[in-house]
Amino acid sequence: STQSKFMATPQTAGIPEDFKGLRACLRCSLVKTFEQFLDRGCDNCEFLGMEGNTDRAQECTTSYFEGLVGLADPRGSWVAKWQRIANYAPGMYALEMLGDLPEDVIDYCE
């Protein structure tokens, strides 16, 4: 049924509440405010442990990014496939970012 189709969609990541102080997750490119990363962490990368951890949120996000794309249905979007974010939560994503994850996170991801 139509209702069950909508209930099965992934949780939407927090949409930025303000355009000042936006940051992008260095692993998945999700864009939120710094406060949103502190409050909820990254919706796609919970293992990064940003929730409630100021240092970790600072290390694993960047304010240096260009372009934004809003995705309501990442699995059905050619842009999401092109950006390799089709399996992530609906939300706002950076098109290009500058910065590197800390070495311990890179080691964990490998």
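Here are some notes to help you find your way around this predicted model.

1. Confidence comes first. The average pLDDT for the protein is 84, and 85% of the residues reach at least 70. The start of the chain is another matter: residues 1-10 stay under 50 in pLDDT. For that stretch, the model has one contact beyond four places in sequence, so please read the beginning with care, because pLDDT is the predictor's confidence in each residue.

2. Next, the interior. The largest nonpolar core has 23 residues. Which of them touch the most other members? They are Cys25, Cys28, Cys42, Leu48, Met50 and Tyr93. Three elements each give two or more residues to this core: the helix α2 (34-40), the strand β4 (65-71) and the helix α4 (78-83). Another core, of six residues, lies apart from it, and its members include Leu22, Ala24, Met92 and Ala94.

3. Met50 is a good residue to click on while you look at the largest core. Leaving aside residues up to four places away in sequence, Met50 touches Cys25, Phe37, Leu38, Gly41, Cys42, Arg56, Ala57, Cys60 and Thr61. Two of these partners, Cys25 and Cys42, are also named among the core residues that touch the most other members.

4. Phe37, one of the residues that Met50 touches, has a charged neighbour as well. Lys32 lies over the face of the Phe37 ring, at 5.2 Å from the ring centre.

5. Now for the aromatic rings. How many aromatic pairs are there? The count comes to one. The partners are Tyr88 and Tyr93, whose ring centres are 6.3 Å apart with 20 degrees between the planes. This pair counts as stacked because its planes are under 30 degrees apart. Both tyrosines are buried, and Tyr93 is also one of the residues touching the most other members of the largest core.

6. Two backbone spots deserve a look. Ser29 is not a glycine, yet its phi is positive, near 75 degrees. You will find Ser29 in the loop between β1 (22-25) and β2 (31-33). Arg84, also not a glycine, has a positive phi of about 60 degrees. Arg84 sits in the loop between α4 and β5 (91-97).

7. Are these two residues buried or exposed? Ser29 has a relative accessible area of 7%, so it is buried, the cut-off being under 20%. Arg84 has a relative accessibility of 74% and therefore counts as exposed, the cut-off being over 50%.

How values were computed. Residues numbered from 1 in each chain as written. Predicted model: local features only at pLDDT ≥ 70, side-chain atom pairs only at ≥ 80, totals over all residues. Heavy atoms only, no water. Core = buried A, V, L, I, M, F, W, Y, C linked by side-chain atoms within 4.5 Å. Buried < 20%, exposed > 50% of the residue type's maximum accessible area, 1.4 Å probe, protein only. Helix = DSSP H or I, 4+ residues; strand = E, 2+ residues; numbered from the N terminus. Contact = heavy atoms within 4.5 Å. pLDDT = per-residue confidence, 0-100. Phe/Tyr/Trp six-rings, centres within 6.5 Å; stacked < 30°, edge-to-face > 60°. Lys NZ or Arg CZ within 6 Å of the ring centre and 35° of its normal.
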